[in-house]
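Me: I have a model open and want to learn how to read its sheet and helices. Can you walk me through it?

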Amino acid sequence: MKNQQLLFTGDQISEAHGKVKSGADFPAYIQDLKELGVTHYETFVHDGHTDYFGYNGHKITSAPKYSNLPITETSDKKQFQTDLKLHQEGKTDYPTFCKDCAASGIKKWAVHMAKMTCTYYDKAGNRILVEQIPK
């Protein structure tokens, strides 16, 4: 079956996400989502919910993962990059990474499967960092 015909479910997304223990697992997670037919997604730091998008307008939204985190008004790109590096090296877990994002003023991140990029945004919608996702 071609990815364009796939209609992924919340259970499939949860199963793929369950394999992720740290940022080091992120590239494999992205490959799993691509196979399910996810074209892109956005994760919101304030409560951890994610909007997943697929072909032909298919969209599902996950439940919030935690209570609201206050997002700092002014972004701190340098601190964010430090925290992101630690997370990608597997030195912090997901809840810690989300708290670090909030403290650095990161509102959300968006992952685009075709471009293999992850873009981080501040509260004003400014791009703070765009990263290539390793294949």
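Reply: We start with the sheet and then turn to the helices. Keep in mind that this is a predicted model.

Me: In what order do the strands of the open sheet lie?

Reply: Read across the sheet, not along the chain. Here six strands form an open sheet, ordered β3-β2-β1-β4-β5-β6. Their pairing is antiparallel.

Me: Which are the edge strands?

Reply: Look for strands that pair on one side only. Those are β3 (59-61) and β6 (127-132). As for twist, neighbouring strands are turned by 15° against each other on average, ignoring direction.

Me: How many bridges join β5 to β6?

Reply: Count along the pair. β5, residues 117-122, is joined to β6 by five bridges, and the two run antiparallel. One partner pair to find on screen is Cys118 with Glu131 in β6.

Me: Which strands does helix α3 touch?

Reply: α3 covers residues 77-88 and packs on the sheet. Its contacts are with β4 (106-112), β5 and β6. The direction of α3 makes about 30° with that of β6.

Me: How are α3 and α4 oriented to each other?

Reply: Check the axes. Those of α3 and α4 (residues 94-103) come within 10 Å and cross at roughly 170°. Angles over 145 degrees count as roughly antiparallel, so α3 and α4 are roughly antiparallel to each other.

Me: Which residues make that contact?

Reply: From α3, pick out Phe80, Asp83, Leu84 and His87. From α4, take Tyr94, Phe97, Asp100 and Cys101. By class, this contact has five nonpolar, one polar and two charged residues.

Methods
Residues are numbered from 1 along each chain as its sequence is written. This is a predicted model: local features need pLDDT of at least 70, side-chain atom pairs count only at pLDDT 80 or more; totals for chains, interfaces and linings use all residues. Side-chain values use heavy atoms; hydrogens and water are left out. Two strands pair if DSSP finds at least two bridges between them. Helices (H or I, at least four residues) and strands (E, at least two) are DSSP runs, numbered from the N terminus. Axes are lines fitted to C-alpha atoms, for helices over the stretch in contact, and angles run from 0 to 180 degrees between N-to-C directions. Contact means heavy atoms within 4.5 Å. Angles under 35 degrees count as roughly parallel, over 145 as roughly antiparallel, 65 to 115 as roughly perpendicular and the rest as oblique. Ala, Val, Leu, Ile, Met, Phe, Trp, Tyr, Cys and Pro count as nonpolar, Asp, Glu, Lys and Arg as charged, and the others, Gly among them, as polar.
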